[in-house]
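Work through the exercises below with the model open beside you. Try each task before reading its solution.

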Amino acid sequence: MMENNLYNTYLFRAIEAYPWELEKAVEALNYALAYDPENVKALHLMAKVHYEQLGDYETAKSYFERALASNIASPDIYPDYVRVLINNEDFEEAQKLIDFAKTLKGVGKASIALTQGQLFESLFKYEEAEKVLKEAKQLALNDDFISFVDAMLSRIKKKRQAKANETKVVENEAKKETEKQQKSWFQNRLNNLL
């Protein structure tokens, strides 16, 4: 019992210190993991340290995997883990994790829909991203989340419009080139007839 209280004390210190006092947070996490190397919360927070603060996605993935191995039904892990996979361009793995997370009880459906939108955006599938982000807004339970999704939707709309404009330019250039080739061919035929 005493060991469990000590472990919780270190975990609480880490949670309180993160992200403002990283040295204290990491030290407390190391102690917490020394007492319980399979604790989901400590592993999750250590993964966040590695991807949010150090940009070390591979180490973060390793901590996320250990956390899920310890408790696959831990709902808080999935949105963060999906974001790491997206940032690391592990798109297929991210989609599989999203699909699995949707089946779990207690997982924030709005957060999972948000990560699905982020994945679609990363894959330049803007229409799909807009659709799923509108769904995320419907599932949202707080105004800050809705505001964040609105900002994402605005950004994606701009990207979609830019992509459409770019496509039109390319199509117009291709059309002009085709017309030029046809005109040249016709001119050559006329010259040969004369």
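**Exercise 1. A residue and its contacts**

Which residues does Thr115 touch, not counting residues up to four places away in sequence?

*Solution.* This is a predicted model.
- Step 1. Find Thr115 in helix H7.
- Step 2. List the contacts. Thr115 touches Pro79, Val82, Arg83, Ile86 and Ile98.
- Step 3. Check the cover. The relative accessible area of Thr115 is 0%. The cut-off for buried is under 20%, so Thr115 is buried.

**Exercise 2. The overall fold**

Describe the chain as a whole, from its helices to its surface.

*Solution.*
- Step 1. Count the elements. The chain has nine helices and zero strands. Along the sequence the pattern reads α-α-α-α-α-α-α-α-α.
- Step 2. Judge the spread. The radius of gyration is 25 Å, and the globule rule gives 16 Å for 194 residues. The chain's value is well over that, so the chain is more spread out than a compact globule.
- Step 3. Look at the box. Along the principal axes, the C-alpha atoms fill roughly 105 × 35 × 30 Å.
- Step 4. Turn to burial. Of the 194 residues, 35% count as buried.
- Step 5. Look at contacts between residues at least 6 apart in sequence. Of these, 50% join residues at least 24 apart.
- Step 6. Take the surface. The accessible surface comes to about 12,600 Å². Carbon and sulfur atoms account for 52% of it.

**Exercise 3. Charges and salt bridges**

How many positive and negative side chains does the chain have, and how many salt bridges does the structure hold?

*Solution.*
- Step 1. Count the charges. There are 27 positive and 31 negative side chains.
- Step 2. Compare their places. The centres of the two sets lie 10 Å apart.
- Step 3. Count the pairs. The structure holds 10 salt bridges.

**Exercise 4. A salt bridge within one helix**

Where in the chain do Glu58 and Lys61 lie?

*Solution.*
- Step 1. Locate both residues. Glu58 and Lys61 lie in helix H4, residues 57-70. They are three residues apart, about one turn of the helix.
- Step 2. Take the distance. The closest N and O atoms of Glu58 and Lys61 are 3.8 Å apart. The cut-off for a salt bridge is within 4 Å, so the pair forms one.
- Step 3. Check Lys61. Its relative accessible area is 9%, so Lys61 is buried.

**Exercise 5. Salt bridges between helices**

Which helices hold the partners of the pair Glu121 and Arg155? Do the same for Asp150 and Lys137.

*Solution.*
- Step 1. Start with Glu121. Glu121 forms a salt bridge with Arg155, the closest N and O atoms being 2.8 Å apart. This pair links distant parts of the chain: Glu121 is in helix H7 (residues 109-122) and Arg155 in helix H9 (residues 143-193). They are 34 residues apart.
- Step 2. Compare their cover. Glu121 has 9% relative accessibility, so it counts as buried. Arg155 has 38%, so it counts as partly exposed.
- Step 3. Move to Asp150. Its salt bridge with Lys137 has closest N and O atoms 2.6 Å apart. Here too the pair links distant parts of the chain: Asp150 is in helix H9, and Lys137 is in helix H8 (residues 126-139). The two are 13 residues apart.
- Step 4. Check this pair. Asp150 is partly exposed at 34% relative accessibility. Lys137 is also partly exposed, at 27%.
- Step 5. Look for shared partners. Glu58, Lys61 and Asp90 are joined into one network by salt bridges that share partners.

**Exercise 6. Backbone exceptions in the loops**

Which residues does a cis peptide bond join, and what is phi at Glu89 and at Phe124?

*Solution.*
- Step 1. Recall the usual case. Most residues other than glycine have a negative phi, and most peptide bonds are trans.
- Step 2. Find the cis bond. It joins Tyr18 and Pro19, with omega about 0°. Pro19 is in the loop between helix H1 (2-17) and helix H2 (22-35).
- Step 3. Turn to Glu89. Its phi is positive, near 60°. Glu89 is in the loop between helix H5 (77-87) and helix H6 (91-101). Its relative accessible area is 60%, so Glu89 is exposed.
- Step 4. Finish with Phe124. Its phi is positive, about 65°. Phe124 sits in the loop between H7 and H8. At 53% relative accessibility, Phe124 counts as exposed.

Note on methods:
Residues are numbered from 1 along each chain as its sequence is written. This is a predicted model: local features need pLDDT of at least 70, side-chain atom pairs count only at pLDDT 80 or more; totals for chains, interfaces and linings use all residues. Side-chain values use heavy atoms; hydrogens and water are left out. A salt bridge is a side-chain nitrogen of Lys or Arg within 4 Å of a carboxyl oxygen of Asp or Glu. Helices (H or I, at least four residues) and strands (E, at least two) are DSSP runs, numbered from the N terminus. Buried means under 20% relative accessible area, exposed over 50%, partly exposed in between (1.4 Å probe, protein chains only). The radius of gyration is taken over C-alpha atoms; the globule rule is 2.2 Å times the number of residues to the power 0.38. Contact means heavy atoms within 4.5 Å. Accessible areas come from the Shrake-Rupley method with a 1.4 Å probe; for residues, only the protein chains shown count as cover. Lys and Arg count as positive and Asp and Glu as negative; His and the chain ends are not counted. The place of a charge is taken as NZ of Lys, CZ of Arg, CG of Asp or CD of Glu.
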